[in-house]
Amino acid sequence: MSHHDHPSHVHHHFENETQQFDSDKMGMWLFLVTEIMIFAGLFCAYVIYRTHNPEIFHYGHQFLDKNMGALNTLILLTSSLTMAWGVRAAQLSQKKTLLTMLGLTMLCAFGFLVIKYFEYSAKIHHGTLYGDRYVWQTEEHGGEHGAGGDGAEMHSLAEAAQDANAVHQDAMAGGAQLTDASMKLPSSQYAPAPAGPEGFDINEPAEAKAEEATHKFEQPAKAHLFFSIYFIMTGLHGIHVVIGIICIFVIFVLSAKGAYNSTYYTPVDLVGLYWHLVDLIWIYLFPLLYLVD
Amino acid sequence: MASTGQTVKSILTSPVHPEVNYLNATKGFSSWFFTLDHKRIGVMYMVSILTAFFLGGVFAMLIRTELLTPGELMFNSATYNKVFTLHGAIMVFLVLIPGIPAALGNFVLPLMLGAKDVAFPRLNLLSYHLYVIGLVMALLVLGLGGVDTGWTFYTPYSINSQTPVVLMTSAAFILGFSSIFTGLNFIVTIHKMRPPTMTWFKMPLLLWALYSTAVIQLVATPVLGITLLLLIVERVMHIGIFNPALGGDPVLFQHFFWFYSHPAVYIMILPAMGVISELVSTFSRKHIFGYRFIAYSSIAIAIFSFIVWGHHMFTSGQSNLMNMVFSALTFSVSIPSAVKMFNWLTTMYKGSINLATPMIYTLSFMFIFAIAGLTGLPLATLATDIHLHDTYFVVAHFHYTMMGSTLFAFIAGLHYWWPKMTGRMYNQKLARFAAWFVSIGFNVTFFSQFPLGSLGMPRRYHLYEAMPDWQIYHQISTLGAYMQMIGFLIAAYALISSLSKGKLAPRNPWGGATLEWETSTPPITFNFEDTPEAGDPYDVESWQWSDEEGGYVKVRPSVADEDHAE
């Protein structure tokens, strides 16, 4: 291809179409490397906390709904298929198939977010939240506890949570000193924390209140950190899903205007790559968070 | 600049001073601020970075002045904490990390490739805009009274500090993405836009250095991003990951932080080494010695940079085994660094050395970098580090690497490419004088801090009334700081006054053989009239001095690399 028949979508500083396509694709792959490194930091935090405090993962994961997680995995895998199909359709100039596939991909992405919404709201009801918002008190429901549960029970739980929150905030005030003391003991740092109330336990006073409940599962001291990790990992992933939806929507509108065909489909290809990464990260998140045992 | 007496004839036919160049092609604020031209973006980066450097320098002067006396002179301790934090944060995130890649790299990288632009000009502009946003946010922090955590933002203090930590870390987060996008752009540009005759081993060494730097930017910076994001979430939502009060692990923050920030030191030094590799050959009028070794050592440093971060935590409760492993790995970094030093020295050996301004900074760099490297060894040694950790010995060591090495290379590069950027020659005498003044001032400032640190003066301390013996070292150090300030002001005057008073620069004032010297001065908007033929970038003899031109002219095509024994 000579300089003179530069197609309109080829920028002036590229020699030809191939050079531009190769550059764009390489740029996207490198961007995905940065995305992987961002999540790698979180996976690293996961590994370190799981190594030092395995009990909080065994305890915490029971509160996650495996069925919903599995359904979401299925939905995202399907969306990856439709996305790949869409890229193929763009390469073959099949506009109608491309639009259908992009539409289906967006639908799956929305479905994923809706399910995530139900999961999150269940956790808000139960008080199984991150860090100092963790106000879960009664352990009796343990493994069976899903996103469902009847309204009356939830209500009472929320009330219990409010009570506990007040107690818990008192505990927080003294918390810093306690932890500083335990920090100096290497064993409490690196050995698995005891399941009992030794060392630092923000919920210790509240546990006495829930004494009548049958202790099917002993609540470990740092249980709230599991939910911190859960929310930050799934939350960041969720943000990526939203960004993905926006990107897919943009190329959906552009393909409706006929912007892509077998000679030029780079944006579809690149958004596809991004979407596969978002899917792939979930493939790791699901077993690591939901299927701990 | 030996004159042959005969007239030498240039083989380049394009005009040296075209009517229309990249500086005057279009006019107005938006023609600059929204330009896609890598040269204009480079120049804007240069102006912004030098502004930030001035700001960081003011804080440095305040610190040094405060330390003249053992008691309180101007600030109380709370203010002092903010002053050194802002000095560190501005210098690291706004000056040293973007300095060479974003300002000089943006300008010369496509020119060295004989290309029209970088691969993604819009992304390049976005990088710059993110930088400006980061700069504005840092200024906002300054307006809000500053932060007091130190530039390292260590938890748990950074979680509890009452200063605007979230704003400052958000600025660093955004600057991180600016840096990532620059790196991404450079990698793709170097991979995909090299001219057909430029194989990997015919690339100028600056490109090898920028490539290695870009790999680190791309892989390490996202980890800083997520770390700062976690810190912000920690402060806003109390998730507890880094907060011991909630059962979290503050040392994890240190690991995450240094997993980026140690490689970041190489984001600073690698491009500096690249600049020095270019300059040492040009000003010695000799082919670079050991091209492949210098190229490979850049890659080696990039790889090593990822596996030594633990040496920042020898005293943070790391296990003995980890300390030993990190100590041993840290020593290994000295190998590729020394390889470069020996190759530069050998390049100069029997060369015809031209002591122009950039070369003076280059020689200072080599002297300073040698000290910087050697004083790193006692810090990598576990036993001595226990004593030296967090003392002025560390302060002196990292100023020798970050300021004396990186910043000097940046200033050297600025003086080297200035004529190409602006089309004007600066006053050599004045600039040379400034270079000596800055170099001597630097060593006075920071050499005195080595004994001060071994005597035990801790870093970040404001008062040292109990140890009156330390005052003399502080005073010598402050004297040196003032010398540097005067030197930099003279250098700035020499450069700025050249814009109006300087004589027109020739095509190639120094005789470098890389492609950027083949275009006009200043370059035209699309860089080259005719796409240049890439040969050996260090065949400096293909350029001969011409009295008529007042610069070097290209007398023959540069010959292939293989003709030079290595």
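What is the mean pLDDT of chain A, and what share of its residues reach 70 or more? I started there, since this is a predicted model. The mean for chain A comes out at 77, with 70% of the residues at 70 or more.

**Confidence, chain A.** I went through the elements of chain A next. Helix H9 (residues 266-290) of chain A has the highest mean pLDDT, 96, and helix H6 (residues 186-190) of chain A the lowest, 38. I then looked up where the score drops: over residues 138-215 of chain A the pLDDT is below 50. That stretch still has 85 contacts in the model beyond near neighbours in sequence.

**Confidence, chain B and overall.** Chain B averages a pLDDT of 93, and 98% of its residues score at least 70. For the model as a whole I noted an ipTM of 0.91 and a pTM of 0.88.

**Where A meets B.** I pulled up the contacts between the chains and found 32 residues of chain A touching 33 residues of chain B. Which elements of chain A give two or more residues to that side? They are helix H1 (17-52), helix H5 (151-183) and helix H8 (223-256) of chain A. H1(A) supplies the largest share, 15 residues. By type, I get 16 nonpolar, 12 polar and 4 charged residues on the side of chain A that touches chain B.

**A helix pair in B.** I picked helix H11 (residues 357-380) and helix H14 (residues 428-447) of chain B, whose axes lie 8 Å apart at an angle of about 10°. Angles under 35 degrees count as roughly parallel, so that is what I wrote down for H11(B) and H14(B). I also logged their crossing as right-handed.

Who touches whom? From H11(B) I listed Thr357(B), Ile360(B), Tyr361(B), Ser364(B) and Ile368(B). Facing them in H14(B) are Gln428(B), Ala431(B), Arg432(B), Ala435(B), Trp436(B), Ser439(B) and Phe442(B). My tally for this contact reads 7 nonpolar, 4 polar and 1 charged.

**A hairpin in B.** Last stop was strand S1 (residues 543-546) and strand S2 (residues 551-554) of chain B. How do S1(B) and S2(B) pair, in the parallel or the antiparallel sense? They pair in the antiparallel sense, over 4 bridges. I checked one residue by name: Gln544(B) has Val553(B) in S2(B) as its bridge partner. The two strands form a hairpin with 4 residues between them. In the turn, I found Gly550(B) with a positive phi of about 70°.

How values were computed. Residues are numbered from 1 along each chain as its sequence is written. Chains are lettered from A and ligands numbered from 1 in the order in which they are written. This is a predicted model: local features need pLDDT of at least 70, side-chain atom pairs count only at pLDDT 80 or more; totals for chains, interfaces and linings use all residues. pLDDT is the predictor's confidence in each residue, from 0 to 100. Two residues are in contact if their C-beta atoms, placed from the backbone, lie within 7 Å. Axes are lines fitted to C-alpha atoms, for helices over the stretch in contact, and angles run from 0 to 180 degrees between N-to-C directions. Angles under 35 degrees count as roughly parallel, over 145 as roughly antiparallel, 65 to 115 as roughly perpendicular and the rest as oblique. A crossing is left-handed if the near helix is turned anticlockwise from the far one by less than a right angle, and right-handed if clockwise. Ala, Val, Leu, Ile, Met, Phe, Trp, Tyr, Cys and Pro count as nonpolar, Asp, Glu, Lys and Arg as charged, and the others, Gly among them, as polar. Two strands pair if DSSP finds at least two bridges between them.
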